[in-house]
Amino acid sequence: MHLDVQDLRNFYYRSTLGRAAQKAVRDELLELWPEATGQTVVGFGFAVPLLRPYLAEARRVVALMPGPQGVMPWPAGMANVSVLCEETLWPIATGHADRLVIMHGLETSERPSDVLEEASRVLGPGGRAVFIVPHRSGMWSRSDKTPFGFGRPYSTGQLEGLLKQHGFMPERHRATLYQPPSHKRFWRKTGALLESFGKTVSPVMAGGVLIVEASKRVQAPNGPGVGTRVKRPLGVLAPSPEAVPA
């Protein structure tokens, strides 16, 4: 079940915990994709907290928000780029997206396979997608104080296996949100330190959010070719017996 867009907005833009989560996840995304000059960047679910760095340089930024969640205008003070859409029918032309970010759009969907099929459709050849989901082993998936405490959490193997089933090739993965999902001031002050520490011991201390970057598999064309086999194709280059001088 999708969360309400008002609850998502209040968490990411009106709470200290949400702003800390936004920064931690966005920093990881920027390490994967430091720029998107001249590219079409599409977000699905509630990906807008991560898309602002690409507004100035991307050719186009589109924020798709599924109907069960609802939509809000974004970004504030600029021309709106957010669109309300059907969960499995996006108003994006086939192969049009160069970069795709999905956050709070996969784990909360009752039709995750159809969401991935649509993601594969809109992503162009050579395009890349980032899937951001609650980490099954992390603290954030066990707390309903944040949006990552709702929906279906994934392990790395589960998410990568699902992506492969729908035409994606996992390339890189990482985790973030090692700080506890608490609004208490002590944890907010030590959040940055815990994020830095967590990255060094991530096999032991699981982050609350799993991030997987994947590319789109492109099948070899199966178009029509030569239907018959040509015998001695170079025979035309050899002189015939009649042409040999006496």
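These legends accompany close-up views of a predicted model.

**View 1. Helix 1 meets helix 2.**
Let's start near the beginning of the chain, with helix 1 (residues 5-14) and helix 2 (residues 16-32). Two packed helices are described by the angle between their axes and the distance between the axes. Here the axes come within 5 Å and cross at roughly 80 degrees. Angles of 65 to 115 degrees count as roughly perpendicular, and helix 1 and helix 2 are therefore roughly perpendicular to each other. On the helix 1 side, look for Phe11, Tyr12, Tyr13 and Arg14. Their partners in helix 2 are Thr16, Leu17, Gly18, Arg19, Ala21 and Gln22. Sorted by class, this contact has five nonpolar, three polar and two charged residues.

**View 2. The largest pocket, with helix 2 and helix 7 in its lining.**
Helix 2 appears again here, now as part of a pocket lining. The largest pocket holds about 220 Å³ of space, and 13 residues line it. To find its centre, look for Ala20, Lys23, Gln179, Ala192 and Glu195, which lie nearest to that point. Helix 2 and helix 7 (191-200) each supply at least two lining residues. Helix 2 gives the most, with six. Seven residues of the lining are charged, three are polar and three are nonpolar.

**View 3. An open sheet of seven strands.**
Follow the sheet across and you will meet its strands in the order 3-2-1-4-5-7-6, with mixed pairing. At the edges are strand 3 (82-85) and strand 6 (168-176), each of which pairs on one side only. On average, neighbouring strands are turned by 20 degrees against each other, direction ignored.

**View 4. Strands 4 and 5, and a helix packed on the sheet.**
Strand 4 (residues 97-103) and strand 5 (residues 123-134) run parallel and are joined by six bridges. For a handy landmark, find Arg99, which stands opposite Arg128 in strand 5. Helix 4 (residues 112-122) packs on the sheet, where it touches strand 1 (40-45), strand 4, strand 5, strand 6 and strand 7 (209-216). The direction of helix 4 makes about 145 degrees with that of strand 5.

**View 5. Backbone details at Pro75 and His104.**
Most residues other than glycine have a negative phi, and most peptide bonds are trans. Two loops are worth a look with that in mind. In the loop between strand 2 (60-66) and strand 3 you will find Pro75, which is joined to Trp74 by a cis peptide bond with omega about 0 degrees. His104 is found in the loop between strand 4 and helix 4. Although His104 is not a glycine, its phi is positive, at about 55 degrees.

Key:
Residues are numbered from 1 along each chain as its sequence is written. This is a predicted model: local features need pLDDT of at least 70, side-chain atom pairs count only at pLDDT 80 or more; totals for chains, interfaces and linings use all residues. Side-chain values use heavy atoms; hydrogens and water are left out. Axes are lines fitted to C-alpha atoms, for helices over the stretch in contact, and angles run from 0 to 180 degrees between N-to-C directions. Helices (H or I, at least four residues) and strands (E, at least two) are DSSP runs, numbered from the N terminus. Angles under 35 degrees count as roughly parallel, over 145 as roughly antiparallel, 65 to 115 as roughly perpendicular and the rest as oblique. Contact means heavy atoms within 4.5 Å. Ala, Val, Leu, Ile, Met, Phe, Trp, Tyr, Cys and Pro count as nonpolar, Asp, Glu, Lys and Arg as charged, and the others, Gly among them, as polar. On a 1 Å grid over the protein atoms alone, a cavity is a set of points where a 1.4 Å probe fits but cannot get out, and a pocket is an open set with protein on both sides within 12 Å along at least five of seven lines; lining residues have an atom within 4 Å of a point. Grid points are joined across faces, edges and corners, and a volume is the space filled by probe spheres set on the points. Two strands pair if DSSP finds at least two bridges between them.
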